[in-house]
Amino acid sequence: MCGLITVLMLLLHWNARSLIANGQEFKQSIANWKVKPDVMCIQESWLKPHLDFVMYGYVAIRQDRVRGGGGGCVTFVKQGVPHRVVGVGSEYEYVAVEVWGGGKKFVIINFYNPCRRLQVNHLEEVEEQGSSNVIWCGDFNAHNTLWGSEKVDINGQVIEELLEEKNLVCLNDGTKTRIEVRTGRESVLDLTLVSSNVAALCTWNVYKEGTMGSDHYPVLCSININLSQVNEGRGGRWVFERANWDKFQKESDKYLNQVVYEGDIEMLERNVRQGIMTAALESVPKSQGKIKRKEVLWWNDECRKAVQNRNKAFKVMKRSHNFLHMVQYKCAQAIVRKTVRQAKRICWRTYCSSIGDTTQIGDVWTMIKKMGGERRDWSYPVLSNGNEVAVTNEEKGEMLVNAFAKVHSTNNLSEEGKRGREKTSTENLDALQVMGREDGDQNLPFSLEELSKALAKTGLSAPGKDEICYIMLKHLSDEGKKVLLGLFNKVWEAGRVPKSWKEAIIIPVRKPGKDSSKPSNYQPIALTSHICKLMERMINERLMYVMEKQGMVTECQSGFRRGRGTMDAVLCLEDEVRKAQVNKETVVAVFFDVEKAYDMLWREGLMIKLYTMGIRGRLFNWVRDFLKDRTIQVRIGKILSFKQVAENGTPQGSVISPTLFSIMINDIYGHIQGDMGRSLFADDGALWKRGRNVEYIVKKLQEGIQQVERWGIKWSFKFSVEKSKVMFFTRKKVNEGINLKLYGSTLEKVTTFCFLGLHFDPWLTWGEHIRKVESKCKKVLNTMRCLTGREWGADYQSLKYIYVSLIRSRIDYGSVVYRSAAKSVLTRLDKIQARALRLCLGAVKTSPVCALQVEAGELPLHIRRKQLLVNYWVNLKGRRDSHPIKRMLRSCWEKERVRKNSFGWVGDEAARDLGVRETEFCPTVMWPDCPVWKIETMEVDFQLRQVKSISNNIDLVGEFYRYVEHKYGDHIQIYTDGSKDPESGRTGSAFVIGHQGSEESKRTSNGLSVYTVELYAIMMALEWVGKEEKISKILIGSDSLSALYSLSSGVSNSRQDLVYAILLTYMRIKGKGKQIQLIWVPAHIGILGNERVDKLAKQATKKDDIEVYVKMSKAEGKSIVWKEAVREWQQQWDRESKGRHLYGLQNKVGTTRNWGGPRREETVRTRLRIGHSNLNSSLHIIGKHPTGFCEVCKTPETIEHVLINCRSYDAQRRKMMGELRKGGLGGAGIKDVLKSGMIGQGKKSLWNFLATTGWLGRI
């Protein structure tokens, strides 16, 4: 159980004289204490906003000095101690925190005065932050005999006056708190001042064991109150890595087989849930919910001994006040700092060097986020809402759940909005009733195949209140899944969703940069039942199919649709602006922002929309009940709040919510004139119009805004006046008096706007967008620098992964649009790529960029932008003709008048350059005539696959014949295969009939994948079976696992069209009473039928004419685009004047290095291959060497000179060449070694040469 623990409060305050220098020793010292302080007030932290300092188990409240050095305060509050930030100050540096204990609140003021003159009125203003129970602590730089000083100064008098004015007591007993190391004199500067009613509860002392590197002693104050410390334990989690899934299946079958389907839905759901949960508790372990970590990872015995020696020197100095002993202490202190820095550096480098193939990607991401300052703190301070204060977890949960429920409240609506709802409801009363049974395809019962497909699409995510995860459902046996399916169909038939599926557990997450004591500054993360989500996924598939197949979704909506993306919406606007520029016209755009779009969605209005679209029966009833009476609970630690009803909105985290929202907002532009541009991506909408008469454009656009306003009132949407913006795309000066209004309020006109991640500017120069991208990428570059050095650090593959994930992905996003920017602007991104590749490879600054790209296998950015543009073009060709972007590619007079480097102008041309302009493509997203949930998958026998995985020594040929004869002896055997010539791209498909000797082969379209022709071969076999009337049992064998898996699941990432075609043909043949079985056949082991069909398929590729034209898939088109892009890159590399040293070793581009090895080896290898290093010739290029010549030979000191020509090391070179000849590398041995990436014996010989000659350190 989670609750309150009552303890005494221990307060520590200390002038650290830099946590940067002394913080690690401070961490370790606190970690060694048996009793940890509850609150630690640190002065002179010397931290800056960009520096992170973490005390595990504590929450940090900082006031950093932004200008100048030194200074700063930080207060650490132990996690679980109820607290709230009262205030921070910069003029007077302080942090004020409220802490709750003994039924009272105490204000702790962490104060630092950097030798300034204090004033009573200013100090009183600071204290006004607090209450009657105040604790001042810190370095006041004030002297007064009252607390043991030898004199009284102005600041001392001010403090004494403050004590009298505020009825405070000074706890200092005269013990010195600071030592002047040079003289050995001690003084009292660190004071603890408390309210008079608190003083009797306090015990005060100075920690004299050492200063931890500072010149101030830590001060400890124990306060005899019952501190309300909350246990913040979050509870254990499932440890699936140690699960016994065989036991889980058996136990779940035992419990689920007892489930009875008759009776109440609630009871049925509870029995299924409890059966799965009981089996999980017996077979899947849970963690303890506690994370054990070492406070200072790099603290070792050397650090401990250095601190011990420093402390001994400190005590000797204090006793003697001898100058020599003071110097010894200073030296010991310097040794401590040096030792700690070295230990930290070694630990960090060891960790970085360990980042490689065996490192979990999640660990790398966590480390990168922490280095970027992203830390998720799961503790919650004391919350306040007006005069109400929440201290305990129960109180916090109640306050937060009320705040979240308020977001969904109907009271948020204006009177006009309420009237709009009422009017719409009155006009559509029929749509709000429970529907009777409908026989449409979307209302059919669910099948086991649908359940399996839905499960296959799930991943790892946090479970809901029932703690049942997707992975448990995946490991149910077939019998267990049938029980689950029975539950779903019972719910489906009744149209009533179990109450537990409507309950959401809310995890509050702080909004960055917001006051964490306000409940409104928390973002809710909802966790709902995975069992319900699984059913949602199946229903969502049906709903999406109905909407897309019948064309119900407006074409301007690009959000939450397969095959669509943000670039669709962005390109629509960009193309309109480009055409306006050609015509010297103006485009005026309005970007809408919907207030609480998902939280305040009107559920009854959604049901009206569904009814209007023709959705009836079980689907309608399920959605209606799914949205009804939903509740939320907030979880703080292990405590759950009471339940609150969410009156409006779609359930957060729900699978079906995005689709439901799209339905609700679908007709937002339904009454807008057709000549006005529009786009939607979920709730991000834009409306624009172009022309030469700005006043007319604004007038028509204002009419469009009013239509959107009326639509919003009718369907209970409200648009934000503050966040909705207007932008004028023009080179003309716009009259200040020209405005657009929303709800009667003027919308702000902006010169830049971030629309779906791209920053638009009035002239579409994209300068601002690229500057933003550059800034973000530089932060990642800084992280990469921290991860690597010349001789230590993460390996190449890990750094390349970071580059691809965090830099290249940012550069790629929107490149289809911003590629029209000027070359001078795009060059800034080229520099980012060059810096990143230098870090990945360990190359020096003078390395040619073209050589870096070839060595790393990374396309030059201008070619990559072209490749991405054509990839988008390929995706577009598989869409319907009504797709808005397809209209951009049509001929228009603007394109003939002026050439622009925009997609509408250059899309077809780029596709022609990269070889796909005349290619026909299959649909990007398939919506077959037969509903997808009615399509049956094919049964595939993978028995021989399992046999092969058990043992490699088994006679697979004999086993195959025995198995087929035993199980399929009465079946007609057909073998299928597809083949592709990698050089010419020719493809062919074939099948042979085993017992008859009949065969058939077809040459198929060029450029198809082997996967496609394998599928087509199965299709050919099925077509032959369909024509043969006399056969009834057929066994079709294929050696393509990927094709068979696709047909058994009904899902394909690249050829869904062929999979559907095969499955529909299979269903038609099956309907005639024929039995068809697929089987996996091991390839190339001597099975006669498979060998015959393999030969036949290869022969088909050699036919002169194409016999069957198969449309190319998007993936196959992208493969061609990639090859053509590499060809273009190759031509550039052949013509390039730079990087010729690497060209002599690697004249082909597009290869990936997979050599591996320690960072030092990778760095040396790269520099030897590229030909640029820290030798004199490279240093001369950047002005760090006067001539660049070898000091002995007086010729340029290059890599080639060092390895082949320098006469200073002839003996060592002869030895190396002899070793290379023994290794069979001959006269061109060095070149061969560098070509191969320095592996094997050649690497050892070359490495020894570089080491013995001393060149290794210089390269």
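Let's start with the lining of the second largest pocket: its residues divide into 17 nonpolar, 13 polar and 14 charged. In that split, Ala, Val, Leu, Ile, Met, Phe, Trp, Tyr, Cys and Pro count as nonpolar, Asp, Glu, Lys and Arg as charged, and the others, Gly among them, as polar. Before I go on, this is a predicted model, where local features need pLDDT of at least 70, side-chain atom pairs count only at pLDDT 80 or more, and totals for chains, interfaces and linings use all residues. Residues are numbered from 1 along each chain as its sequence is written, and side-chain values use heavy atoms, with hydrogens and water left out.

Back to the pocket. Its lining has 44 residues, and those nearest the centre are Val407, Gln523, Pro524, Lys596 and Asp599. For the grid people here: on a 1 Å grid over the protein atoms alone, a pocket is an open set of points with protein on both sides within 12 Å along at least five of seven lines, a cavity is a set where a 1.4 Å probe fits but cannot get out, and lining residues have an atom within 4 Å of a point. The volume of this second largest pocket is about 1,100 Å³, where a volume is the space filled by probe spheres set on the points, and grid points are joined across faces, edges and corners.

Which elements each supply at least two residues of that lining? They are α10 (393-407), β17 (503-510), β18 (522-527), β20 (631-636) and α19 (657-665). Helices (H or I, at least four residues) and strands (E, at least two) are DSSP runs, numbered from the N terminus. With 6 residues, α10 gives the most to this lining.

Staying on α10, that helix also holds Glu394. Glu394 is partly exposed because its relative accessible area is 36%; buried means under 20%, exposed over 50%, and partly exposed in between, with a 1.4 Å probe and protein chains only. Glu394 and Arg635 are 241 residues apart along the chain, yet their C-alpha atoms are separated by 9.2 Å.

Between β17 and β18 there is a loop, and Ser516 is found in it. At a relative accessible area of 18%, Ser516 is buried. Not counting residues up to four places away in sequence, Ser516 touches Pro381, Leu383, Arg510 and Tyr522, a contact being heavy atoms within 4.5 Å.

Now for the closed spaces. How many cavities of 30 Å³ or more are there? The count comes to 6. The largest cavity has a volume of about 60 Å³, and its lining consists of Met544, Met547, Glu548, Val553, Phe560, Arg561, Thr659 and Ser662. By type, that lining divides into 4 nonpolar, 2 polar and 2 charged residues. Both α15 and α19 supply at least two of them, with α15 giving the largest share, 3 residues.

Helix α15 covers residues 530-549 and includes Leu543. Is Leu543 buried or exposed? Leu543 is buried, because its relative accessible area is 0%. Beyond four places in sequence, Leu543 touches Leu610, Ile615, Leu619, Ile656, Thr659, Leu660 and Ile663. Thr659 is also in the lining of the largest cavity. Leu543 and Ser641 are 98 residues apart in sequence and 35 Å apart in space, C-alpha to C-alpha.

A quick look at the record: an unreviewed UniProt entry lists residues 490-760 as "domain: Reverse transcriptase". UniProt positions are given in the numbering used here, feature names are shortened, and annotations may be inferred rather than shown by experiment. Over residues 490-760 the chain is 34% helix and 23% strand, with the end C-alpha atoms 52 Å apart.

Two backbone angles for you to look up. Most residues other than glycine have a negative phi. Ser716, in the loop between α20 (694-714) and β25 (725-729), has a positive phi near 65°, and Ser716 is buried at 7% relative accessible area. Trp766 also has a positive phi, about 65°; its place is the loop between β30 (758-760) and α21 (767-786), and at 0% relative accessibility Trp766 counts as buried.

Last, confidence. pLDDT is the predictor's confidence in each residue, from 0 to 100. The chain averages 89, and 95% of the residues score at least 70. Over residues 1-6, pLDDT stays under 50. Where pLDDT is low, the predicted coordinates should not be read in detail.
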